[in-house]
Amino acid sequence: MSPWQKSMSGVNQAFSTERSLWAISIILRRGIIKAKSVFLGWILHADGLHLGPGCLLRGTKSISFGTDFYAHGHVWIEAVSFYKGQTFNPRIEIGDNVSISEGVHISCINHIRIASNVLIGSRAYIADHQHGIYKGNAQSHPEEPPALRPLGGGGPVTIGENAWIGDNVVIVGGVSIGRGSVIGANSVIRKDVPDNTIVVGTPAKAIKRFEPAAHEWTSL
(Lines give C-alpha, C1' and ligand atoms only; values in the text may rest on other atoms or scores of the structure.)
Protein backbone atom coordinates (compact mmCIF):
# COMPACT_ATOMS: atom_id res chain seq x y z
CA MET A 1 0.00 0.00 0.00
CA SER A 2 1.41 3.40 -1.02
CA PRO A 3 1.72 6.30 1.48
CA TRP A 4 -1.21 8.02 -0.29
CA GLN A 5 -3.38 4.92 0.02
CA LYS A 6 -2.47 4.61 3.71
CA SER A 7 -3.38 8.25 4.26
CA MET A 8 -6.75 7.92 2.55
CA SER A 9 -7.45 4.72 4.45
CA GLY A 10 -6.88 6.60 7.71
CA VAL A 11 -9.23 9.39 6.60
CA ASN A 12 -11.96 6.91 5.65
CA GLN A 13 -11.62 5.11 8.99
CA ALA A 14 -11.89 8.38 10.93
CA PHE A 15 -15.09 9.44 9.15
CA SER A 16 -16.60 5.95 9.39
CA THR A 17 -16.19 5.72 13.19
CA GLU A 18 -16.34 9.34 14.46
CA ARG A 19 -18.65 12.33 14.22
CA SER A 20 -17.62 14.65 11.38
CA LEU A 21 -16.13 17.53 13.40
CA TRP A 22 -14.23 15.17 15.67
CA ALA A 23 -12.98 13.20 12.65
CA ILE A 24 -11.68 16.46 11.12
CA SER A 25 -9.83 17.31 14.36
CA ILE A 26 -8.28 13.82 14.42
CA ILE A 27 -7.11 14.17 10.81
CA LEU A 28 -5.61 17.63 11.45
CA ARG A 29 -3.81 16.39 14.56
CA ARG A 30 -2.41 13.42 12.63
CA GLY A 31 -1.23 15.78 9.89
CA ILE A 32 0.67 17.95 12.38
CA ILE A 33 2.28 14.91 14.01
CA LYS A 34 3.25 13.51 10.60
CA ALA A 35 4.82 16.80 9.50
CA LYS A 36 6.80 17.06 12.74
CA SER A 37 7.99 13.45 12.40
CA VAL A 38 9.10 13.95 8.79
CA PHE A 39 11.04 17.09 9.76
CA LEU A 40 12.74 15.40 12.74
CA GLY A 41 13.46 12.31 10.65
CA TRP A 42 15.24 14.52 8.11
CA ILE A 43 17.28 16.22 10.84
CA LEU A 44 18.19 12.92 12.53
CA HIS A 45 18.77 10.98 9.27
CA ALA A 46 16.08 8.50 10.34
CA ASP A 47 13.82 7.43 7.47
CA GLY A 48 10.29 6.52 8.51
CA LEU A 49 10.57 8.14 11.96
CA HIS A 50 7.24 8.62 13.77
CA LEU A 51 6.91 10.47 17.08
CA GLY A 52 3.47 10.62 18.66
CA PRO A 53 2.07 13.53 20.70
CA GLY A 54 4.06 14.66 23.72
CA CYS A 55 7.27 12.84 22.74
CA LEU A 56 10.51 14.39 23.96
CA LEU A 57 14.05 13.86 22.68
CA ARG A 58 17.03 15.32 24.53
CA GLY A 59 20.67 15.05 23.55
CA THR A 60 19.96 14.20 19.92
CA LYS A 61 23.66 14.49 18.98
CA SER A 62 24.16 11.33 21.04
CA ILE A 63 21.12 9.41 19.71
CA SER A 64 20.99 7.42 16.47
CA PHE A 65 17.86 5.87 14.94
CA GLY A 66 17.48 3.17 12.32
CA THR A 67 14.67 3.19 9.78
CA ASP A 68 10.96 3.02 10.63
CA PHE A 69 11.21 3.94 14.32
CA TYR A 70 7.72 4.32 15.84
CA ALA A 71 6.97 5.95 19.20
CA HIS A 72 3.47 6.40 20.58
CA GLY A 73 2.61 9.38 22.78
CA HIS A 74 4.67 10.83 25.63
CA VAL A 75 7.84 8.82 25.02
CA TRP A 76 10.89 10.43 26.64
CA ILE A 77 14.36 9.57 25.33
CA GLU A 78 17.30 11.42 26.87
CA ALA A 79 21.05 11.19 26.45
CA VAL A 80 22.37 13.04 29.50
CA SER A 81 25.67 14.85 28.96
CA PHE A 82 25.58 17.12 32.03
CA TYR A 83 23.97 16.77 35.46
CA LYS A 84 24.70 18.75 38.64
CA GLY A 85 28.35 19.28 37.73
CA GLN A 86 28.85 15.79 36.29
CA THR A 87 29.90 15.29 32.67
CA PHE A 88 29.06 12.21 30.60
CA ASN A 89 29.56 10.90 27.08
CA PRO A 90 26.25 9.09 26.42
CA ARG A 91 25.31 7.05 23.38
CA ILE A 92 21.88 5.67 22.50
CA GLU A 93 21.66 3.39 19.46
CA ILE A 94 18.27 2.26 18.14
CA GLY A 95 17.98 -0.22 15.27
CA ASP A 96 15.43 -0.65 12.48
CA ASN A 97 11.70 -1.30 12.97
CA VAL A 98 11.69 -0.52 16.69
CA SER A 99 8.26 0.24 18.18
CA ILE A 100 7.80 1.94 21.56
CA SER A 101 4.43 2.29 23.30
CA GLU A 102 2.90 5.05 25.41
CA GLY A 103 4.86 6.69 28.24
CA VAL A 104 8.21 4.91 27.85
CA HIS A 105 11.25 6.61 29.43
CA ILE A 106 14.79 5.85 28.24
CA SER A 107 17.65 7.61 30.04
CA CYS A 108 21.36 7.22 29.27
CA ILE A 109 24.68 8.51 30.63
CA ASN A 110 26.83 5.74 29.16
CA HIS A 111 25.50 3.37 26.47
CA ILE A 112 22.08 1.94 25.64
CA ARG A 113 21.67 -0.19 22.51
CA ILE A 114 18.27 -1.38 21.26
CA ALA A 115 18.62 -3.75 18.30
CA SER A 116 16.23 -4.06 15.36
CA ASN A 117 12.64 -5.30 15.57
CA VAL A 118 12.31 -4.69 19.32
CA LEU A 119 8.84 -4.01 20.77
CA ILE A 120 8.61 -2.08 24.06
CA GLY A 121 5.33 -1.91 25.99
CA SER A 122 3.74 1.07 27.72
CA ARG A 123 5.40 2.85 30.65
CA ALA A 124 8.61 0.83 30.53
CA TYR A 125 11.70 2.44 32.07
CA ILE A 126 15.17 1.75 30.68
CA ALA A 127 18.29 3.35 32.16
CA ASP A 128 22.00 2.70 32.50
CA HIS A 129 22.21 4.58 35.81
CA GLN A 130 20.30 5.66 38.92
CA HIS A 131 20.20 8.62 41.29
CA GLY A 132 22.89 7.89 43.85
CA ILE A 133 25.60 5.30 44.53
CA TYR A 134 24.57 2.40 46.79
CA LYS A 135 27.54 0.02 46.63
CA GLY A 136 31.30 0.29 46.48
CA ASN A 137 33.11 3.51 47.36
CA ALA A 138 31.61 6.98 47.91
CA GLN A 139 28.07 5.74 48.59
CA SER A 140 25.20 8.22 48.81
CA HIS A 141 23.88 9.38 52.18
CA PRO A 142 20.12 9.12 52.88
CA GLU A 143 20.05 12.71 54.17
CA GLU A 144 21.08 13.95 50.74
CA PRO A 145 18.06 14.84 48.53
CA PRO A 146 17.73 12.16 45.82
CA ALA A 147 17.66 14.75 43.03
CA LEU A 148 21.06 16.05 44.18
CA ARG A 149 22.74 12.65 44.38
CA PRO A 150 25.22 11.88 41.60
CA LEU A 151 24.10 9.77 38.65
CA GLY A 152 25.79 6.40 38.42
CA GLY A 153 25.66 2.93 39.91
CA GLY A 154 24.61 1.21 36.68
CA GLY A 155 26.20 0.16 33.41
CA PRO A 156 25.50 -0.34 29.70
CA VAL A 157 22.16 -1.80 28.55
CA THR A 158 21.82 -3.99 25.46
CA ILE A 159 18.47 -5.27 24.17
CA GLY A 160 18.84 -7.91 21.47
CA GLU A 161 17.01 -8.23 18.18
CA ASN A 162 13.34 -9.33 18.25
CA ALA A 163 13.07 -8.90 22.03
CA TRP A 164 9.66 -7.99 23.47
CA ILE A 165 9.60 -5.82 26.59
CA GLY A 166 6.20 -5.85 28.33
CA ASP A 167 4.26 -3.02 30.00
CA ASN A 168 5.72 -1.36 33.13
CA VAL A 169 9.04 -3.21 32.88
CA VAL A 170 12.05 -1.64 34.63
CA ILE A 171 15.50 -2.28 33.16
CA VAL A 172 18.51 -0.82 34.99
CA GLY A 173 22.02 -1.52 33.70
CA GLY A 174 24.37 -3.00 33.39
CA VAL A 175 22.39 -5.80 31.75
CA SER A 176 22.07 -7.57 28.43
CA ILE A 177 18.74 -8.93 27.18
CA GLY A 178 19.17 -11.66 24.61
CA ARG A 179 17.66 -11.72 21.15
CA GLY A 180 14.17 -13.16 20.87
CA SER A 181 13.53 -12.92 24.61
CA VAL A 182 10.27 -11.86 26.28
CA ILE A 183 10.15 -9.75 29.45
CA GLY A 184 6.79 -10.15 31.21
CA ALA A 185 4.77 -7.11 32.31
CA ASN A 186 5.79 -5.43 35.59
CA SER A 187 9.15 -7.24 35.71
CA VAL A 188 12.35 -5.70 37.09
CA ILE A 189 15.54 -6.65 35.25
CA ARG A 190 18.88 -6.41 37.09
CA LYS A 191 20.64 -9.46 35.59
CA ASP A 192 21.38 -10.64 32.06
CA VAL A 193 18.62 -12.48 30.18
CA PRO A 194 19.73 -15.26 27.77
CA ASP A 195 18.56 -15.48 24.17
CA ASN A 196 15.06 -16.85 23.46
CA THR A 197 14.00 -16.82 27.12
CA ILE A 198 10.82 -15.65 28.88
CA VAL A 199 11.37 -13.99 32.26
CA VAL A 200 8.84 -12.58 34.73
CA GLY A 201 8.74 -11.12 38.22
CA THR A 202 10.49 -8.77 40.63
CA PRO A 203 13.33 -9.57 40.38
CA ALA A 204 12.73 -11.34 37.07
CA LYS A 205 13.29 -15.10 36.82
CA ALA A 206 13.38 -17.31 33.73
CA ILE A 207 10.27 -19.48 33.30
CA LYS A 208 10.51 -20.68 29.68
CA ARG A 209 13.04 -21.11 26.90
CA PHE A 210 12.47 -21.72 23.21
CA GLU A 211 13.69 -25.10 21.95
CA PRO A 212 14.37 -24.93 18.20
CA ALA A 213 14.28 -28.70 17.69
CA ALA A 214 10.79 -29.00 19.17
CA HIS A 215 9.77 -25.55 17.91
CA GLU A 216 8.14 -24.71 21.25
CA TRP A 217 8.64 -22.77 24.49
CA THR A 218 9.42 -25.23 27.28
CA SER A 219 9.12 -24.58 31.03
CA LEU A 220 12.28 -24.39 33.10
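Colleague: Why does I43 count as partly exposed?

Modeller: This is a predicted model. In it, I43 has 41% relative accessibility. Buried means under 20%, and exposed means over 50%. The value for I43 lies in between, so I43 counts as partly exposed.

Colleague: Where is I43 found?

Modeller: I43 belongs to helix α2, residues 20–44. Together with F39 and W42, I43 forms a nonpolar patch on the surface. The accessible area of the three together is about 380 Å².

Colleague: What makes the pair of F65 and F69 tilted?

Modeller: The structure holds two aromatic pairs. In the pair of F65 and F69, the ring centres are 4.8 Å apart and the planes stand at 55°. Centres within 6.5 Å make a pair. Planes under 30 degrees apart would be stacked, and over 60 edge-to-face. An angle of 55° fits neither, so the pair is tilted.

Colleague: Are F65 and F69 buried or exposed?

Modeller: Both F65 and F69 are buried.

Colleague: How do you know that the charged end of K84 sits over the ring of Y83?

Modeller: The charged end of K84 is 5.8 Å from the centre of the Y83 ring. The distance cut-off is 6 Å, and the charge must also be within 35 degrees of the ring normal. K84 is listed as sitting over the ring.

Colleague: Why is one side of β2 left without a neighbour in the sheet?

Modeller: The open sheet runs β2-β5-β10-β13-β18-β21, with parallel pairing. β2 (56–58) stands at an edge with a single partner strand, so one side has no neighbour in the sheet. The same holds for β21 (188–189).

Colleague: What makes β2 and β5 a pair?

Modeller: Pairing needs at least two bridges. β2 and β5 (residues 76–79) have three, so they pair, in the parallel sense. In one of the bridges, L56 is partnered by W76 of β5.

How values were computed
Residues are numbered from 1 along each chain as its sequence is written. This is a predicted model: local features need pLDDT of at least 70, side-chain atom pairs count only at pLDDT 80 or more; totals for chains, interfaces and linings use all residues. Side-chain values use heavy atoms; hydrogens and water are left out. Helices (H or I, at least four residues) and strands (E, at least two) are DSSP runs, numbered from the N terminus. Patches are made of residues with over 30% relative accessible area and no salt bridge: like charges are joined within 9 Å, nonpolar side chains (Val, Leu, Ile, Met, Phe, Trp, Tyr) within 5 Å. Accessible areas come from the Shrake-Rupley method with a 1.4 Å probe; for residues, only the protein chains shown count as cover. A salt bridge is a side-chain nitrogen of Lys or Arg within 4 Å of a carboxyl oxygen of Asp or Glu. Buried means under 20% relative accessible area, exposed over 50%, partly exposed in between (1.4 Å probe, protein chains only). Rings of Phe, Tyr and Trp (its six-membered ring) pair if their centres lie within 6.5 Å; planes under 30 degrees apart count as stacked, over 60 as edge-to-face and the rest as tilted.
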